Amino acid sequence: MFDLNALNPMQRKAAETLEGPVLILAGAGSGKTRALTYRIANLIAHGIPPYAILALTFTNKAAKEMKNRIEQLIGSEVTDMWVGTFHSICVRILRRDIEKIGYSRSFTIYDEDDSVKVCRESLKELDIDDKTLPPKEVRRYISDAKNKMLTADEWFAKGPKDYRCQRIHDVFVRYEAKLKNANALDFDDLLFKTLQLFVDHPPVLDYYRRKFKYIHVDEYQDTNQTQYQLVRLLSMTNRNLCVVGDDDQSIYGWRGADIHNILDFEKDYPEAAVIKLEQNYRSTANILDAANQVIAHNSGRKEKTLWTETAPGESILLFRAGDEREEAAWVCERVKQLHEKQYAYSDIAVLYRTHAQSRVLEEMLTRAGIPYKTFGGPRFYDRKEIKDILAYLRLLVNHDDNVSLERIINTPRRSIGDSTVDALREHALMLHQSLYDSVRTPPESLSSRPRKCIQDFYTLMEGLEKERNGMPLGDFMQLVVDKTGLISQFKGETSEENLERIQNMKEFIGAARQFANESEEPTLEAFLENVALVTDLDREGEAPQYLTLMTLHSAKGLEYRAVFIAGLEEGLFPNNRSASDPERLEEERRLCYVGITRAKERLFLSYAKRRNLYNEIMHNERSRFLREIPDRLLLDQWTGVHDRALAASTPAWKRETPPRMDFPKARKPNLSFGTPGMKQKGVLNIPGVTKGFVPSKVREAENGTLKMLFSPGDSVLHRKFGEGKVLEVFGNGSDARIRIFFTAYGEKIFSLSMAPIVKIETH
DNA sequence: GAATAAATTGTTTTT
DNA sequence: CAATTTATTC
C-alpha cells in the first residue's frame with residue numbers, strides 16, 4: 001500500500017482533499033503528477049470504485065504514465081478507470097451514443113489533412129478561387145469556431161459581415177454537410193459533438209454525471225472553451241472536480257486554449273480549495289532562478305514562487321554563434337563532452353522554436369556521429385504510403401468516407417482518371433448518395449472501359465470485406481496490402497525512396513499486429529481510432545540511447561539532465577508574429593519558461609548573430625529573454641566570464657565580424673575546405689571566412705610565442721568551425737601551422753598566425 | 001494517362 | 001531552399 005508520508009505537506013494536502021472543487025497550482029517540476037496519482041490512489045483507498053473516477057490528460061503518454069503510476073501505488077491493475085485525453089474519452093462516449101445525434105457508430109475521424117481536402121473540395125464546388133481563400137486558412141477559421149463552440153451560423157453572426165466572411169461561412173456550411181454525409185468527424189468535432197450530445201440528450205449527460213463522481217483534469221491551463229464546458233457540465237452536480245495546472249506553462253493559446261479557464265477557476269467555484277505546489281524537485285537552483293527571473297516579466301500571473309533546496313549547480317552556459325552552423329557545431333561539441341562525462345544521449349535534449357531550425361542541427365549531429373531522434377516532424381502515420389493503407393481500411397469500416405475513397409480509387413494505378421472520378425462524383429451528388437454507392441452502380445454515361453475499371457475496383461473491395469470477418473487484424477492488413485497491390489506497385493523499383501516506403505508499410509503492419517496483441521479490443525475500428533489519436537511522441541519504447549531534438553512545445557511535461565535551447569534571437573524566439581501582441585509575447589515567454597524548466601542539471605543557451613532561415617539571411621538581436629536572465633547566472637562561452645562588461649574588452653576579432661578583405665582564390669585550398677558531402681556552394685557563401693581575416697595587432701605581437709600557446713589536447717574555439725581539439729602544432733615563424741580536429745568538420749590545418757582561434761581549455 | 005519540367009508556395013507551435 | 005503542386009509534353 002502507498003504511504004502519504006512520502007509527499008511534502010502541500011502535495012499531501014492535494015492528495016487528501018478529496019471532496020469539492022480543488023485547484024492545484026503546480027509549478028514546473030513540483031511533483032504534480034505525483035500529487036495527482038496519490039490523490040487518485042487515495043480515493044480508491046477510501047472505497048471509491050475506479051469506474052467513478054475520470055482523469056483527463058493532455059497527451060496519451062501522460063495518460064498511460066498516470067495509469068501506470070496509480071497501479072504501482074495501489075499494487076493492482078485498474079481497468080475500469082477512465083484515464084485518457086479529452087479526445088479519446090470523447091470518442092469513447094460518442095461510440096456509445098452518437099446515433100442519438102444522427103451519426104452512425106462507425107464514424108470516421110478526419111485528420112487535418114482530410115479536413116483541408118474537404119475544404120478544398122467545398123471551395124471548388126462553390127466556385128471560390130482557392131488563391132484568394134486558401135483551404136488551409138478556411139480550416140483554421142472552422143477549427144477556431146468549433147473551439148469556441150460556434151456553429152457556422154453562430155460564427156458568422158458574431159463576426160464581421162464582409163464579403164470574405166460570407167464566403168467563409170458558405171464554405172463552412174458546405175464543409176459541415178460534407179462531413180455529415182461522409183459520417184465523419186474532424187478533430188474538433190470529437191469534443192464539440194460530445195458537448196452537443198450532452199446538451200441535446202440530458203439522459204446521456206445524466207448517466208455520465210452519475211458515473212463520474214470524481215473528475216480530474218491535468219494541464220488545465222491548456223484547455224479550450226469546449227473542454228471547459230464539457231468539464232463544467234460533467235462536474236456540475238457533484239462538484240468533485242480537481243484541476244491541476246500552471247498558468248505559467250500555458251502555451252497553446254494559438255489553438256484555442258484559454259488561459260482564463262485556470263485564472264478564473266476560483267470565480268467559477270468559489271468554494272474551491274486552492275493548493276500551491278511551489279517546491280521544485282527537478283532543477284538546480286541556478287536554472288530555477290533563471291526561469292523565475294524570466295517569467296517574472298509576465299503580468300497577471302497567479303501568485304506563485306518556485307523554490308528549491310538543491311545546490312546552485314553549474315552556471316548556465318551562453319554561446320553567441322556567428323551563424324546557425326557554428327551554433328550547431330557548438331551544440332555537437334558540448335553534447336560530446338557531456339557524453340564523456342557520464343551523460344547518456346537520452347539525458348540530453350536540444351530544443352528550438354521552429355522545426356525549420358532542426359535541419360542544420362541534424363546535419364551536424366550526423367557528421368559528429370551523435371545518434372539523435374527528432375519529434376514532432378511529420379508523423380509516421382502521416383506518410384503517404386501509410387495513409388494509403390489507412391484509406392482502404394477506413395473505407396471498409398465506413399463506406400461513406402468519400403475522402404478515403406478518392407484517395408485510393410486510383411492508388412495504385414488502375415486507370416481510373418480524373419474525368420471518371422468527376423463523373424462518379426456528379427452522379428453521387430445528383431442521387432444524394434455516397435461516392436461508394438456510385439462505384440457500386442456506375443452512371444450509364446460512362447463508356448465501357450472506365451466502367452470495367454470501376455467494376456474491378458468494387459470487386460476488390462467487396463472481396464476484402466468478405467475476408468475481413470474472422471481474420472486477425474495483422475493478417476488482414478497483410479492481405480489488404482497484397483491484394484490491392486500497394487507493395488507490388490513498387491516491385492522492381494530499387495530507388496531508395498521506394499524501398500523505404502515498403503519498409504514503412506511493413507513496419508505499419510507490424511504495429512497493427514502489436515496493437516492486436518496488446519489491446520483489449522483488437523478490432524480494426526479500435527486500431528483506426530488509435531492511429532487517429534496517437535502522436536509519435538506517444539509511441540513508447542523508442543530506443544533510449546538517442547539525443548532528443550524537438551520543439552519547445554513538444555517538450556512540455558518532459559525533463560532532461562541537460563537541455564539546449566538554440567536560436568534565442570529576437571524575431572525567432574520570441575517569434576516575429578508574436579511581437580506586436582503583448583498577450584502572444586507573454587505566451588512566448590511562457591514557452592521560454594517551459595524550456596528552461598525542462599533542465600535538471602545543465603542548461604545551454606545559444607543564439608546566432610547571422611542566421612539563414614527560409615532562405616533569408618537575418619541579423620537578429622539576442623533574444624529579450626536572455627536579457628531577462630541575470631548576468632550572474634550566465635557564463636559566456638567566449639569570454640569565460642559572467643559579467644557582460646568584460647565581454648566588451650575582448651579583442652575585436654573575437655566579437656565582431658572582421659573587416660572584409662578579398663583573399664586570392666588560391667588561398668582557399670589552404671584552408672582545406674570542401675569537406676566531403678558539403679555543398680561547394682555553401683562553403684563559398686560563408687561570409688567572413690572566404691573573405692578572410694585581418695589578424696589583430698595583439699596576435700601579430702604574440703606571433704613568436706604563439707606556438708607555445710597551443711599544445712596538443714587543448715580545446716580551442718574557431719570562429720567558423722566552432723570548438724575543436726588541437727592535434728599538432730608545427731613549423732616556425734610565419735609558417736607555423738596548427739592541426740585541429742573539429743567534431744563537425746573533421747581535421748583542418750591553419751596558419752597559426754592567421755587562424756581565428758582562441759584557447760578555451762588547456763589539456 | 002504518365003512522366004517530366006516548371007512554377008508556386010510556404011515556413012510557429014499540434015491534441 | 002525544398003517540397004509540393006501545376007503545366008506541358010509525349
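**Close-ups of a protein and DNA strand B**

**View 1. Ser554 meets the DNA backbone.** In this predicted model, a polar side-chain atom of Ser554 sits 3.1 Å from a phosphate oxygen of DNA strand B.

**View 2. Two side chains reach base oxygens of DNA strand B.** Look for Trp254 here: an N or O atom of its side chain is 3.2 Å from a base oxygen of the strand. His553 also takes part, with a side-chain N or O atom 3.5 Å from a base oxygen of DNA strand B.

**View 3. The protein surroundings of DNA strand B.** Which residues come closest to the strand? Among the 22 residues that surround DNA strand B, the closest are Phe58, Arg353, Thr535, Arg577 and Arg584. Of the DNA atoms within 4 Å of the protein, 60% belong to sugar and phosphate. Sorted by class, the nearby surface has 10 polar, eight charged and four nonpolar residues.

**View 4. An open sheet of seven strands.** Follow the parallel strands across in the order 11-12-10-13-14-9-17. Strand 11 (372-374) and strand 17 (634-636) are at the edges; each has a single partner strand, so one side of each has no neighbour in the sheet. On average, neighbouring strands are turned by 25° against each other, direction ignored. Strand 13 (residues 560-565) and strand 14 (residues 599-608) make a parallel pair over five bridges, and Ile565 is found opposite Leu605 in strand 14.

**View 5. Helices lying across the strands.** Helix 15 (residues 324-340) crosses strands 9, 10, 12, 13 and 14, running at about 160° to strand 14. Helix 16 (residues 358-368) lies across strands 10, 11 and 12, at about 170° to strand 12.

Terms used. Residues are numbered from 1 along each chain as its sequence is written. Chains are lettered from A and ligands numbered from 1 in the order in which they are written. This is a predicted model: local features need pLDDT of at least 70, side-chain atom pairs count only at pLDDT 80 or more; totals for chains, interfaces and linings use all residues. Side-chain values use heavy atoms; hydrogens and water are left out. A residue is near a molecule or strand if one of its heavy atoms lies within 4 Å of it. A polar contact is a pair of N or O atoms within 3.5 Å; within protein, one must be able to donate a hydrogen and the other to accept it, and residues adjacent in sequence count only if both atoms are side-chain atoms. Ala, Val, Leu, Ile, Met, Phe, Trp, Tyr, Cys and Pro count as nonpolar, Asp, Glu, Lys and Arg as charged, and the others, Gly among them, as polar. Two strands pair if DSSP finds at least two bridges between them. Helices (H or I, at least four residues) and strands (E, at least two) are DSSP runs, numbered from the N terminus. Axes are lines fitted to C-alpha atoms, for helices over the stretch in contact, and angles run from 0 to 180 degrees between N-to-C directions. Contact means heavy atoms within 4.5 Å.
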